[in-house]
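Colleague: I am new to this structure and would be glad of a close look at one part of it, the packing of two helices, followed by a walk through some other local features.

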Amino acid sequence: MHRQIAGKLTGRVTKWVVLGVWVIVVMAAGSVAGKLADVQDNQASSWLPGSAESTKALDKLAPFQDQNDIPTVLVYEKKSGLTRADLTTIGQQLDEVQKLDGAVPAKARDGSVTQPSQLVQVSKDGQVAQGMVTFNFGKDGWNKLPDVKDKIEKIAGLDGATVYVAGPGGQAADSAAAFAGIDGKLLYSTILVVVVILLLTYRSPLLWLLPVISAGVALACAQGVIYLLAKNADLTVNGQSAGILTVLVFGAGTDYALLLVARYREELHRHEDRHEAMAFALHRATPAIIASALTVVLGMLCLVVAEMNSTAGLGPVAAIGIGVGLLVMITLLPALLVIFGRWIFWPRRPTYDTLEPSASGFWARMGARIAPRPRTVWVGTALVLAVCSLGFLQLNAHGLATKDAYTKDFDSVTGQQTLVDHGLADTSSPIQIVANADRAQAVEQALQGVKGIGQPSPPIVKGDVALIQAPLQSDPTSKAAFAVVDDVRAQVHQVSGADALVGGGSAISADIEKASLRDDKVIIPLVLVVVAIVLMVLLRALLSPLLLVATVVLSFGASLGLSSLVFRHVFGFAGADASLPLFVFVFLVALGIDYNIFLMTRVREETPQHGTRRASLIALGATGGVITSAGLVLAATFSVLATLPLVAFAEIGFAVALGVLLDTMIVRSVLVTAINLDVGSKIWWPSKLDRGGEPTPVEAAEQVEALD
């Protein structure tokens with residue numbers, strides 16, 4: 001039945017129909033795919049769930065401020081000391097910045113309108129001054145800040161002084177610079193590494209074009225679908241999920257292409273008619289490809305239960321990318337392959353009725369080396385991976401302060417640190433407390449004993465709600481600021497009848513960290529259960545799926561452990577984003593299990609004829625090369641993320657790439673094969689598969705060698 005369906009998709013006529021349909025689809029999708037950046041939401045406040053205290057505070061803050069307001073701080077640093085004339089010039093420049101389009105009236109601490117020049121603050125040592133101008137461009141404001149920063153830099157300047165544009169406005173401008181052209185950079189870099197690896201894999205100057213074209217079609221279609229959902233169905237998309245989408249579609253899509261092409265080439269040695277060869281290849285390879293893609297899709301969809309809206313949004317984004325990639329690789333790619341015929345493999349065209357070279361290749365020889373002592377091999381390998389996992393103790397995944405979030409220096413980061421170093425409280429990101437107006441004085445009084453904040457402002461009352469603000473004396477994204485948020489909450493929550501809520505930038509960041517830590521504890525076990533169930537259904541067994549899941553978890557632990565050591569002692573990163581363990585886990589387990597599926601489905605296919613141990617060695621020899629190539633492609637594509645000037649991206653890219661390499665080179669090829677050889681037919685428990693007599697591992701290796 002499967003072969004009949006596969007044959008109809010790649011028949012002499014239907015192959016052209018399939019090609020025509022995809023040409024129409026990609027033209028339609030391409031018209032909106034380029035607009036994906038327009039619907040991205042990179043504001044941290046939009047990532048939080050409605051249950052977070054800072055989110056509830058935002059609702060009550062609406063009468064006091066527009067949530068689209070973006071405070072922008074100008075920091076002047078003059079090591080020789082600021083003179084009275086300098087301060088006059090600074091005030092004049094701030095008032096001129098206030099006249100720029102999008103600037104909103106400046107307000108004093110009591111809420112009255114004033115001029116920015118009246119709110120300039122100077123450090124006690126007289127070397128640093130700060131002033132603030134707030135901009136509001138509506139929901140699209142964050143995308144317009146780079147132009148605003150350019151205009152500010154033309155206005156602001158002082159002889160002998162350095163001027164930094166900091167605060168949320170400066171951070172938005174620098175973040176936009178970091179993400180500028182991210183889609184293009186990732187796309188071109190990803191295509192480059194995929195092309196290089198495919199050239200090395202296929203050793204053909206032409207064949208690589210078909211997987212790359214197919215992956216490009218998949219990416220354009222996925223971006224088009226995601227754009228429509230973000231615009232019309234409130235799907236949360238940000239720079240992180242859009243960037244990961246590019247890497248994921250090309251990486252996973254190329255993996256599926258490698259598996260299909262390898263099986264097609266294998267069948268071309270057995271069938272003279274290329275259409276028949278493709279029908280057999282699809283019949284044999286598609287179940288494994290679909291099972292792999294389904295595992296990834298279900299694993300990614302587990303993210304929708306996350307409290308973090310950004311994490312929850314990544315789930316559908318990634319699932320759509322994988323789903324579209326799967327559809328393209330089992331329809332468009334096969335059609336292209338049969339359209340072009342055998343010559344596309346030139347100069348190594350597969351010839352009918354000749355031996356498939358993988359049968360006696362490197363991985364076949366590796367299996368023969370493992371066979372004499374499989375238990376020693378898998379126990380030793382597992383112990384080494386477990387020791388590597390201990391590096392996890394070095395991981396500080398509790399968020400990154402602004403100064404630690406980038407791999408290069410930005411003005412906003414340096415300016416923020418300058419304020420902290422010179423003892424100036426941050427006026428752009430204060431702690432904000434909203435409470436019942438009749439208890440406002442009591443709330444203000446409760447703040448008096450809290451360390452780490454400046455003098456609280458007098459309550460500003462609108463209706464029955466009061467707003468009290470207190471400037472922070474530390475970086476708003478630092479651990480010190482998060483501790484201050486906790487202290488403030490502890491104090492104001494004790495004020496009876498106040499119903500006080502603590503918000504502001506630091507509270508949002510603190511709640512993001514808490515939500516991320518909660519998501520780790522909920523989603524990681526859920527993904528494990530989902531993956532195990534998929535494997536049980538696919539392999540129709542209980543023992544082998546549990547062992548496979550255990551090996552992938554071990555691979556995850558080793559990769560994160562080794563990565564933690566590299567992050568701290570080689571790259572010098574101060575820590576990691578709180579979501580790093582979850583993202584690395586989901587990608588490694590969902591994607592890493594792919595290679596085990598590719599291997600084990602081939603073992604199961606060969607077992608009825610050859611027995612489990614011989615089947616394991618045959619499967620390793622047949623799939624080893626393609627799985628290694630697939631792993632190299634996926635590792636290389638994820639490593640592209642490390643080229644971006646963002647620590648979070650660099651860490652995800654490095655850890656996933658390392659984990660994929662461990663999984664393909666060691667876990668799948670050595671650990672899983674050794675377990676299969678040691679356990680034998682019991683691997684299929686409780687099914688009745690291969691309950692007959694089993695040769696020893698050495699005998700199995702000798703029999704496979706004899707088959708060659």
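Modeller: What follows begins with a pair of helices and then moves on to aromatic rings, a strand residue and some unusual backbone geometry. Please keep in mind throughout that this is a predicted model.

The part to look at closely is the packing of helix 10, which covers residues 274–301, against helix 12, which covers residues 332–340. Their axes lie 9 Å apart and meet at an angle of about 155 degrees; because angles over 145 degrees count as roughly antiparallel, helix 10 and helix 12 are described as roughly antiparallel to each other. The crossing of these two helices is right-handed. On the side of helix 10 the contact is made by Arg274, His275, Met278 and Leu282, while helix 12 contributes Pro334, Leu337, Val338 and Ile339. Sorted by class, the residues of this contact comprise six nonpolar, one polar and one charged.

Helix 12 runs to residue 340, and phenylalanine 340 takes part in an aromatic pair with tryptophan 343, in which the ring centres are 5.9 Å apart and the planes stand at 65 degrees, an edge-to-face arrangement. Phenylalanine 340 is partly exposed, with a relative accessible area of 30%, and tryptophan 343 is likewise partly exposed, at 41%. Further along the chain, the peptide bond that leads from tryptophan 346 to proline 347 is cis, with omega near 10 degrees, and proline 347 sits in the loop between helix 12 and helix 13, the latter made up of residues 362–370.

The pair just described belongs to a wider set, for the structure holds 13 aromatic pairs. Another of them joins phenylalanine 135 and phenylalanine 137, whose ring centres are 6.2 Å apart and whose planes are at 5 degrees, so this pair is stacked. Phenylalanine 135 is buried, with a relative accessible area of 0%, whereas phenylalanine 137, at 23%, is partly exposed. There is also an aromatic cluster formed by Phe567, Phe571, Phe573 and Phe654.

Turning to a strand, valine 461 lies in strand 9, which covers residues 460–462, and its relative accessibility of 46% makes it partly exposed. If neighbours within four places in sequence are set aside, valine 461 is in contact with Phe64, Ala437 and Ala466. Glycine 315, by comparison, is 146 residues away from valine 461 in sequence and 42 Å away in space, C-alpha to C-alpha.

The remaining features concern the backbone in loops. A cis peptide bond also links tryptophan 685 to proline 686, here with omega near 5 degrees, and proline 686 belongs to the loop between helix 22 (647–679) and helix 23 (697–707). Aspartate 499 has a positive phi of about 50 degrees although it is not a glycine; this residue lies in the loop between helix 17 (479–492) and strand 11 (501–503), where it is exposed, with a relative accessible area of 52%. Arginine 540, again a residue other than glycine, has a positive phi near 55 degrees and is found in the loop that connects helix 18 (505–539) with helix 19 (543–569). Arginine 540 is exposed as well, with a relative accessible area of 54%.

Key. Residues numbered from 1 in each chain as written. Predicted model: local features only at pLDDT ≥ 70, side-chain atom pairs only at ≥ 80, totals over all residues. Heavy atoms only, no water. Axes fitted to C-alpha atoms, helices over the stretch in contact; angles between N-to-C directions. Helix = DSSP H or I, 4+ residues; strand = E, 2+ residues; numbered from the N terminus. Parallel < 35°, antiparallel > 145°, perpendicular 65-115°, else oblique. Left-handed = near helix turned anticlockwise from the far one by under 90°. Contact = heavy atoms within 4.5 Å. Nonpolar A, V, L, I, M, F, W, Y, C, P; charged D, E, K, R; others polar. Phe/Tyr/Trp six-rings, centres within 6.5 Å; stacked < 30°, edge-to-face > 60°. Buried < 20%, exposed > 50% of the residue type's maximum accessible area, 1.4 Å probe, protein only.
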